Protein chains: 2
Amino acid sequence: MNFLNEVTFRYPDAISFAPGRPYDGFFDVEQMLVDIRRYIDHLLAQGGGAQRVRDVLFQYGPASGQIRELIADWLRADEGVDVPAGSIVVTVGAQEAMVLALRVLIAGPDDVLLVSSPCYVGITGAARLLDIEVRAVEEGPDGLRRADLEAAVAAERARGRRPRALYVIPDHANPSGSTMPLAARRELLDVADRLGLLVLEDSPYRLVSPGPRLPTLKALDRHRAVVHLGSFSKTLFPGARVGFAVADQLVEDGAGGTAFLADALTKVKSMITVNTSPLSQAAVAGMLLRAGGRASALNVATSAYYGDAMRTTLRHLDAAFPARRRTALGVRWNAPTGGFFLAVSVPFVADNAALRRSAREYGVIWTPMSYFYPEGGGDTGIRLSVSYLNEAEIAEGVGRLARFIEAEIADTRGSGSQ
Amino acid sequence: MNFLNEVTFRYPDAISFAPGRPYDGFFDVEQMLVDIRRYIDHLLAQGGGAQRVRDVLFQYGPASGQIRELIADWLRADEGVDVPAGSIVVTVGAQEAMVLALRVLIAGPDDVLLVSSPCYVGITGAARLLDIEVRAVEEGPDGLRRADLEAAVAAERARGRRPRALYVIPDHANPSGSTMPLAARRELLDVADRLGLLVLEDSPYRLVSPGPRLPTLKALDRHRAVVHLGSFSKTLFPGARVGFAVADQLVEDGAGGTAFLADALTKVKSMITVNTSPLSQAAVAGMLLRAGGRASALNVATSAYYGDAMRTTLRHLDAAFPARRRTALGVRWNAPTGGFFLAVSVPFVADNAALRRSAREYGVIWTPMSYFYPEGGGDTGIRLSVSYLNEAEIAEGVGRLARFIEAEIADTRGSGSQ
């Protein structure tokens, strides 16, 4: 990503489809302060007076978090996920939740993490941090194929490795933008169950899905095979840095009883960040209380905004590359219904050199899809993020992108015919 | 620590000298919200209007933090530490700073971390998390002895290990309460320099030191041998979870130039928590601005409060064990001038079994010092924390503790004479 930052810095006038940055036009300082007060009132209504407020807001809090009940209520109301608050750990964004889950689940020297590929760089970064081996399983347009997953597990086992968990983003994935169909979700759980794999389900874009949304893997989970990771960073409040993990698997507690896997994650958390800022938790809790637990209601405007941006992008792509032209050139893209990202496939290598040409000569920046392939691949893919651009920027940006793509293809064909 | 939690839970009426919990009577919700607004006004005064405020407060921020200038100003004004803002990383408490520093500094398979022993459990926890080997160097009453440190380094090298860094808390250490004299600080830097060791200086209790304070190791550092870790969690605002690392060592940046070691820490941070909550940073920044950069001014009342608690504890210990009685029994303690902790030495094994007797029969709880010895030791030590008790509780608590100690000694001698 350093190269991307460098290009962005060097060509400040370029329109950038690169950053997966939330749109912030709906954020409001006064509202945020009101939300914090709302949570304080909620604490006061529970009794304990000012001392309890000081306890909760100013002190170190429990490592597992202090808004777990509110998160559990929201998951029940909004997601049909019915888990006890005790199976939840509040984290510093979903990134910390990934670190905790990997540290606990992929703990043996032969343990391997599987990731669907292309995949979010946060999970491969967390794995690298912990010296964890990653095996990529390439996705098709409808997500992972059963046969590919089975083959990867078999291959790992054949070399004496133990695939323990699989990381996926079923909804509006980063980077591909694709959403796993319902049948694929059921099949994935089925295969995971049979292979003895846990599924790490990440869900950062659920709350900005215009819907109708498919059930999460966790909602479909019948065998506690899913550890669900969540974040409020793309939706309610990026600057709060609040995420969470749901880990309701029962494990031995070391004292002859059982405990939620969440407790093991909490223990690791106490060595990394001790606890998630109670102030940040208060801001998120106040928002959940404002929405009566239905956080989705807080994101209606934001979801519509992103949905519009996505449709605008797709409309301009369609206009720039009408169906026959598109086929003739070999340019394709998917059509996500929400989220931040879409994937464009081009008939040339979309690498750093191409990105530099695109920024310098055409004034448009994007992310090479190859960045998201831990074992190589994706060389002809482009990730577009639509989350932070307005309609005029999208129109102009897609125009520039189309000219860049046309020119690259002409150059490639030109040099190919020499 | 699980046993301690269990005992605390089981004997709720016991007076507890166990938790290193900041006193929260001076915290104030309204003041905190005013501080956040103060930082917002500061941003507005810098220009950029509401959009910039939204950018800074609500968005993901830079992984290195956005209040580095304010922290650098404070370190210059309050600590005589003059470092560029670019050498600072803002972290989720000092705990995350420890994880980052260990991950970057102790990276090779033969690298070893040295810790002064007894030592803070946060650093050994972070080392365990990262599978880092720890070697303890036992402290004397004036801190580490040069000969012990040299011997430990020689022993590690003889077994093919590479001691890379030494973790110390020079001021009001947790757990011992001891403060390293000025000569010992200079000597430590001298020895570290000669042995090629970096010093990880942790400083959580500096701001609640009633003073006069000795210079930090970082202020005395002439060879950039010190990575300084700091926290606002014991002082300005525990619930903000804001700490920092100063890492102004110059290292190769991988592109033919040099960069601050802080950049390497930042890269690791981006894989753990991405960035420290901008909301939390805003609350701390507002406090620093309120104090005109002199954070020590914000802790005058708190320092006095802890100083009083410490003196009250020492006075009651003196009364319970007058000098001759103390000598006859073999009971000793140190006399810190500030901070949260003091260490009591007793002539019997102060282990979990003793703690249980103390809680059950005498209604007083403390922390076995042995918890803080990574390689064993400290069996006859007791850590008392005075930070969260009022004067009446301290008086009653020391009385109970004295009766427990007397009874244990009588029992030990009784059984010894049988």
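B:Asp318 is partly exposed in this predicted model, at 36% relative accessibility. Its side chain forms a salt bridge with B:Arg326. The closest N and O atoms of that pair are 3.0 Å apart. B:Arg326 also counts as partly exposed, at 22% relative accessibility.

**Salt bridges**

Over all chains, the count comes to 70 salt bridges. Side chains of opposite charge can pair when their charged atoms come close. Four pairs are set out below.

| Pair | Closest N to O distance |
|---|---|
| B:Glu30 and A:Arg37 | 2.9 Å |
| B:Asp318 and B:Arg326 | 3.0 Å |
| B:Glu79 and B:Arg213 | 3.5 Å |
| B:Asp131 and A:Arg103 | 3.7 Å |

B:Glu79 and B:Arg213 form a salt bridge, with 3.5 Å between the closest N and O atoms. This pair links distant parts of the chain, 134 residues apart. B:Glu79 sits in helix H4 (residues 68–79) of chain B. B:Arg213 sits in the loop between strand E7 (198–202) and helix H9 (217–220) of chain B. The two partners fall into separate accessibility classes: B:Glu79 is buried, with a relative accessible area of 11%, whereas B:Arg213 is partly exposed at 28%. The cut-off for buried is under 20% relative accessible area, so the 11% of B:Glu79 qualifies.

Chain A holds a network of salt bridges. Its members are A:Glu79, A:Asp171, A:Arg185, A:Arg206 and A:Arg213.

The side chains of B:Asp131 and A:Arg103 meet at 3.7 Å, N to O. This salt bridge crosses between chains. B:Asp131 lies in the loop between H6 and strand E4 (133–140) of chain B. A:Arg103 belongs to helix H5 (residues 93–105) of chain A. B:Asp131 counts as exposed, at 68% relative accessibility.

**The interface of chain B and chain A**

How much area is buried between chain B and chain A? The value is about 4,600 Å², and carbon and sulfur atoms give 60% of it. B:Phe58, B:Tyr60 and B:Met271 supply 17% of the area that chain B buries against chain A. No other three residues supply more. The contact takes 54 residues from chain B and 53 residues from chain A.

Between the two chains the count is 8 salt bridges. One of them joins the side chains of B:Glu30 and A:Arg37 at 2.9 Å, N to O. Polar contacts across the interface involve 33 residue pairs, with both residues at pLDDT 80 or more.

Several helices of chain B give two or more residues to the side that touches chain A. They are H2 (29–45), H3 (49–58), H5 (93–105), H6 (121–129), H10 (261–272) and H11 (278–290). H2(B) gives the largest share, 7 residues. By class, this side of chain B has 27 nonpolar, 13 polar and 14 charged residues.

**Helix H5 of chain B**

H5(B) has 13 residues. Its first and last C-alpha atoms are 19 Å apart, close to the expected 18 Å. Is this helix largely enclosed or largely open? Of its 13 residues, 11 are buried, so H5(B) is largely enclosed by the rest of the structure. Among the buried residues are B:Gln95, B:Glu96, B:Met98 and B:Leu105.

**Three single sites**

B:Ser116 lies in strand E3 (residues 111–117) of chain B. This serine is buried, with a relative accessible area of 4%. A polar contact of 3.4 Å joins its side chain to that of B:Glu139. Beyond four places in sequence, B:Ser116 is in contact with B:Val137, B:Glu139, B:Leu144, B:Leu166, B:Tyr167 and B:Val168.

A:Thr235 occupies the loop between strand E8 (226–231) and strand E9 (243–246) of chain A. A:Thr235 is a buried loop residue, at 5% relative accessibility. Residues up to four places away aside, A:Thr235 touches A:Phe27, A:Pro204, A:Leu207, A:Val208 and A:Asn299.

B:His223 lies in the loop between H9 and strand E8 (226–231) of chain B. Buried or exposed? B:His223 is exposed, with a relative accessible area of 53%. Its C-alpha atom is separated by 17 Å from that of B:Ala183, a residue 40 positions apart along the chain.

Technical notes: Residues numbered from 1 in each chain as written. Chains lettered and ligands numbered in written order. Heavy atoms only, no water. Contact = heavy atoms within 4.5 Å. Buried area = accessible area lost by both parts, 1.4 Å probe. Salt bridge = Lys/Arg side-chain N within 4 Å of Asp/Glu carboxyl O. Polar contact = N/O pair within 3.5 Å; in protein donor to acceptor, adjacent residues only side chain to side chain. Helix = DSSP H or I, 4+ residues; strand = E, 2+ residues; numbered from the N terminus. Nonpolar A, V, L, I, M, F, W, Y, C, P; charged D, E, K, R; others polar. Buried < 20%, exposed > 50% of the residue type's maximum accessible area, 1.4 Å probe, protein only. Expected span 1.5 Å × (residues − 1).
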